[in-house]
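Got your viewer open and a hand on the mouse? Let's take a walk, picking one spot after another and looking at what is there.

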Amino acid sequence: MKLKDKVCVVTGAARGIGESIARRYVAEGARVAIADLDLASASETAANLTAMGPGEAMGIAMDVVSEQAVNEGIAEVAAKWGGIDVLVSNAGIQIVHKIEDFPFADWKKMLAIHLDGAFLTSKACIPHMYARGGGSVIFMGSVHSKEASPLKAAYVTAKHGLLGLARVIAKDGAAQGVRANVICPGFVRTPLVDKQIPEQAKELGISEEEVVSRIMLGNTVDKQFTTVEDVAEVALFFAAFPSNALTGQSLIVSHGWFME
Ligand code: NAD
């Protein structure tokens, strides 16, 4: 087991990519806090994963834009399991508009969830990692950390920003064994993506089939969606990597949509 008894916090883990990462971590023996907006759905996911074992999970209510909620949630996890080894800052949403129509409130909401969320959870977890002699901070970036698409001003800006934050944490945390890396998935068929398909079709004046085949999969090598399991595999690799040799990096998992 690659994460036996490691204490991991995964935000936005009640469903989607976060749930898949939490599932993979529990399968590797980890203790995983499922941090999400709604305690009932976080606890339900946690109960399902605990039943699966061999690790265990707990649900915690956390809006990642609230400093108080983040600090209280992380303190609760550290008190229950004695520390924190791995943070996956994954919670995220998508809002698409043409730049000239982008409501300022939506812009601020997007930057807050993706960037304030990553900052606040890192700030709260890193002292616990220092106390353990090291840890792994993982941000959920996107191909949009490297590439731009129409209608996604806030998302692309936020996802690019995560690369910078990870690189700073890699430097700040190195002496105490904390590394930081970014996962950059292509399109994954979760509720976040399903919601975008009709929205993009309307904004761009094309069919939903064209959004999928041209916008989402047009540049992949094989016209395939990336899966939640693919992303979880990368999240396991970053979490279990044993040294500072792998830090400040980003790894793209996108069926070749974006190559570097
Ligand atoms: P999803 O909508 O299926 O799940 C997101 C989860 O985050 C939900 O459980 C939601 O309740 C939670 N959440 C939302 N706002 C929150 C907040 N303020 N505090 C705490 N939890 C919050 O989305 P997903 O597709 O699983 O996306 C997860 C992450 O992966 C996001 O950061 C997203 O940008 C990124 N990503 C997704 C794709 C994709 O194609 N689905 C591709 C690249 C990157």
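One word to learn before you click: a residue is called buried when its relative accessible area is under 20%, exposed when that area is over 50%, and partly exposed in between (1.4 Å probe, protein chains only). You are looking at a predicted model, where local features need pLDDT of at least 70 and side-chain atom pairs count only at pLDDT 80 or more, while totals for chains, interfaces and linings use all residues. Residues are numbered from 1 along each chain as its sequence is written, and side-chain values use heavy atoms, with hydrogens and water left out.

**Stop 1: the whole chain**

Start in cartoon view. The protein chain has eight helices and seven strands; these are DSSP runs numbered from the N terminus, with helices being H or I of at least four residues and strands being E of at least two. With a radius of gyration of 18 Å, close to the 18 Å that the globule rule gives for 260 residues, the chain is as compact as a globular protein of that length. That radius is taken over C-alpha atoms, and the rule is 2.2 Å times the number of residues to the power 0.38. Turn the C-alpha trace around and you'll see that it spans about 55 × 40 × 35 Å along its principal axes.

How much of the chain is buried? Buried residues make up 54% of the 260 residues. Now switch on the surface: the chain exposes about 11200 Å², with carbon and sulfur atoms supplying 54% of it. Areas like this come from the Shrake-Rupley method with a 1.4 Å probe, and for residues only the protein chains shown count as cover.

**Stop 2: two domains**

Color 7-187 plus 226-253 one way, and you have domain 1; color 189-225 another way for domain 2. These bounds come from an automatic or database domain assignment. The domain centres, taken over C-alpha atoms, are separated by 25 Å. Where they meet, 15 residues of domain 1 are in contact with 15 residues of domain 2, and contact here means heavy atoms within 4.5 Å.

**Stop 3: Ile 126**

Select helix α4, residues 104-132, and find Ile 126 in it. Buried or exposed? Ile 126 has 12% relative accessibility, so it counts as buried. Leaving aside neighbours within four places in sequence, Ile 126 is in contact with Val 137, Ile 169 and Val 178. Try the distance tool from Ile 126 to Ile 138: they are twelve residues apart in sequence and 12 Å apart in space, C-alpha to C-alpha.

**Stop 4: His 144**

Next, go to the loop between β5 (135-140) and α5 (153-173), where His 144 sits. His 144 is buried because its relative accessibility is 2%. Which residues does His 144 touch, not counting those up to four places away in sequence? Show Ser 149, Lys 152, Tyr 155, Val 156, Lys 159, His 160, Phe 187 and Trp 257 as sticks, and there they are.

**Stop 5: Glu 28**

Hop over to the loop between α1 (16-27) and β2 (31-36) to pick Glu 28. Glu 28 counts as buried, at 12% relative accessibility. Its contacts, again skipping residues up to four places away in sequence, are Met 1, Lys 2, Leu 3, Lys 4 and Leu 236. Lys 6 is 22 residues from Glu 28 along the chain, and their C-alpha atoms are 9.3 Å apart.

**Stop 6: backbone oddities**

Zoom in on the backbone now. The peptide bond from Gly 53 to Pro 54 is cis, with omega near -5°, and Pro 54 is in the loop between α2 (39-52) and β3. Then select Asp 5, in the segment before β1 (7-11): Asp 5 is not a glycine, yet it has a positive phi of about 65°. His 255 also has a positive phi, of about 55°, although it is not a glycine. You'll find His 255 in the segment after β7 (249-253). Asp 5 is partly exposed, with a relative accessible area of 37%, and His 255 counts as partly exposed at 25% relative accessibility.

**Last stop: Ser 66**

Finish in the loop between β3 (56-61) and α3 (67-81), the home of Ser 66. Ser 66 is partly exposed, at 25% relative accessibility. Draw one more line, to Ala 166: the two are 100 residues apart along the chain, and 20 Å separate their C-alpha atoms.
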